[in-house]
Amino acid sequence: MRDIKEINELFMLTVITALVGSYAFVTLGFNKGGYFISLLYSQFILVLPTLVYVVKRKVNVKEMFRYHKIKIGTVFLSILFAFLIMPLMQEINLISMLFARNEISSKIYSITEGKTFVVSAFVIAVIPAFLEESVYRGCFFNAYSKKSPLKAIFLSALFFGLMHLNFNQFSYAFAMGMIFCFLVEGTDSIFTSMIVHFVINCSSVAMIYLVPIMQKYISSQTGTTLIFNQDVNVISTKSLLLGICIYGIIAVFTTVLAVLIYIIMIKHEGRLEHVKKMFQKGSGAGTSEEKESFISLPLIIAVVICVAYMILNELV
């Protein structure tokens with residue numbers, strides 16, 4: 001279980017580096033550059049411990065991160081899958097807003113302000129899709145999956161959710177993390193999760209640029225001036241509940257379709273039987289070493305730090 005212990009230590013180091021790095025960023029006044037610079041910096045800080053780990057261990061990058069080719073049909077299926085899974089993510093987001101603040105919406109507007117769509121999409125969609133997937137689904141998930149794919153899916157998703165460091169994002173990031181892991185395991189390639197991650201993030205960016213255009217068009221046609229409030233936290237509980245009901249109905253149908261697309265995708269990549277075996281009793285736990293716990297002190301420390309930060313963040 002040496003690899004598992006090392007990956008747990010790597011996650012703890014990633015958490016500490018992110019928090020200490022963020023504190024240093026603010027202390028040195030670099031945050032005056034706005035959320036755009038902060039996002040770029042946070043992505044660099046995120047990948048730094050993994051980069052050091054890769055260099056130190058001299059690992060095979062292609063195999064460790066599963067940079068494996070996928071069929072062209074899988075690319076299009078991944079894009080379709082991304083759009084179908086979005087209502088479910090929005091549903092989880094709305095439910096979480098009943099209990100926690102949504103901190104990302106206003107930040108995205110600040111990041112995109114004064115930037116072209118291409119620049120915004122590159123920073124918000126392209127960079128995270130590549131770096132975050134390489135860290136969470138590449139490094140963490142693939143290391144754990146050698147022992148137990150299902151445990152690996154849970155832990156990688158947990159890490160992905162916790163590292164967003166707020167309860168609102170944790171909710172849907174955890175769900176997305178599990179879905180991304182199933183994509184990687186189902187196609188044996190991280191490129192599928194990268195594609196889906198990119199499409200989801202890029203769609204959010206696109207809406208920011210499309211809403212003002214739609215407002216202008218509707219105003220010109222109806223003579224009514226529409227005001228779109230960027231602060232989603234001012235939405236009333238009644239409106240939230242209505243949104244939850246509407247998106248809940250939509251999500252049921254789109255999620256079923258997403259599952260069907262996923263099955264077609266993994267069949268296309270010849271991995272259907274592999275995925276089935278993941279759920280068979282005793283699969284991936286044939287030796288005493290594989291039955292050992294994935295939990296270690298560094299992992300517990302990292303989780304406690306993240307949860308404590310998230311609680312403090314809600315209270316402030």
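Helices and strands are runs of residues assigned by DSSP, with at least four residues for a helix and at least two for a strand, and they are numbered from the N terminus.

**Figure 1. Overview of the predicted model, read from helix to helix.** The model shown here is predicted. Along the sequence, the protein follows the pattern α-α-α-α-α-α-α-α-α-α-α-α, which agrees with a count of twelve helices and zero strands. Of the 316 residues in the protein, 47% are buried, and the surface that the protein exposes comes to about 16,500 Å², with carbon and sulfur atoms supplying 70% of it. When contacts between residues at least 6 apart in sequence are considered, 81% of them join residues at least 24 apart.

**Figure 2. An edge-to-face ring pair between helices α6 and α7.** A pair of aromatic rings is described by the distance of the centres and the angle of the planes. The structure holds 16 aromatic pairs, and in the one shown here the rings of Tyr136 and Phe160 have centres 5.1 Å apart and planes at 65 degrees, so the pair is classed as edge-to-face. Because Tyr136 belongs to helix α6 (residues 117–145) and Phe160 to helix α7 (residues 149–162), the pair ties together parts that are 24 residues apart in sequence. Tyr136 and Phe160 are both buried. The ring of Phe160 also has a charged neighbour, since the charged end of Arg137 sits over this ring, 4.3 Å from its centre. Tyr136 and Phe160 are also part of a cluster linked by ring pairs, whose other members are Phe11, Phe140, Tyr144, Phe159, Phe180 and Phe294.

**Figure 3. A stacked ring pair within helix α8.** Phe170 and Phe174 form an aromatic pair with 5.8 Å from centre to centre and 20 degrees between the planes, an arrangement that counts as stacked. Because Phe170 and Phe174 are four residues apart in helix α8 (residues 167–187), they are separated by about one helical turn. Phe170 has a relative accessible area of 22% and is therefore partly exposed.

**Figure 4. A salt bridge between helices α1 and α2.** Side chains of opposite charge can pair when their charged atoms come close. The count for this structure comes to seven salt bridges, and one of them is formed by Arg57 and Glu6, whose closest N and O atoms are 2.2 Å apart. This pair links distant parts of the chain, with Arg57 in helix α2 and Glu6 in helix α1 (residues 2–27), 51 residues apart. Are Arg57 and Glu6 buried or exposed? Arg57, with a relative accessible area of 31%, is partly exposed, whereas Glu6, with a relative accessible area of 17%, is buried.

**Figure 5. A buried salt bridge and the network around it.** Arg66 and Glu185 form a salt bridge in which the closest N and O atoms are 2.8 Å apart. Because Arg66 lies in the loop between α3 and α4 (72–96) while Glu185 lies in helix α8, the pair ties together parts that are 119 residues apart in sequence. Both Arg66 and Glu185 are buried.

A further salt bridge, in which the side chains of Glu273 and Lys276 meet at 3.6 Å from N to O, offers a second view. Glu273 and Lys276 both lie in helix α11 (residues 272–278), where they are three residues apart, about one turn of the helix. Salt bridges that share partners join Arg66, Glu185, Asp188 and Arg271 into one network.

**Figure 6. Two loop residues with positive phi.** Most residues other than glycine have a negative phi, and most peptide bonds are trans. Lys58, however, has a positive phi near 55 degrees, and Lys58 is found in the loop between α2 (35–57) and α3 (61–64). With a relative accessible area of 74%, Lys58 is exposed. Asp188 likewise has a positive phi, of about 60 degrees, although it is not a glycine, and its place is in the loop between α8 and α9 (191–222). At 26% relative accessibility, Asp188 counts as partly exposed.

**Figure 7. A nonpolar surface patch that includes Phe253.** Ile249, Val252, Phe253, Val256, Leu257, Val259, Leu260 and Ile263 make a nonpolar surface patch of about 730 Å². Phe253 has its place in helix α10 (residues 237–268), and with a relative accessible area of 57% Phe253 is exposed.

Note on methods
Residues numbered from 1 in each chain as written. Predicted model: local features only at pLDDT ≥ 70, side-chain atom pairs only at ≥ 80, totals over all residues. Heavy atoms only, no water. Patch = residues over 30% accessible without salt bridge, like charges linked within 9 Å, V, L, I, M, F, W, Y side chains within 5 Å. Areas by Shrake-Rupley, 256 points an atom, 1.4 Å probe, with all protein chains shown as cover. Salt bridge = Lys/Arg side-chain N within 4 Å of Asp/Glu carboxyl O. Buried < 20%, exposed > 50% of the residue type's maximum accessible area, 1.4 Å probe, protein only. Phe/Tyr/Trp six-rings, centres within 6.5 Å; stacked < 30°, edge-to-face > 60°. Lys NZ or Arg CZ within 6 Å of the ring centre and 35° of its normal. Contact = heavy atoms within 4.5 Å.
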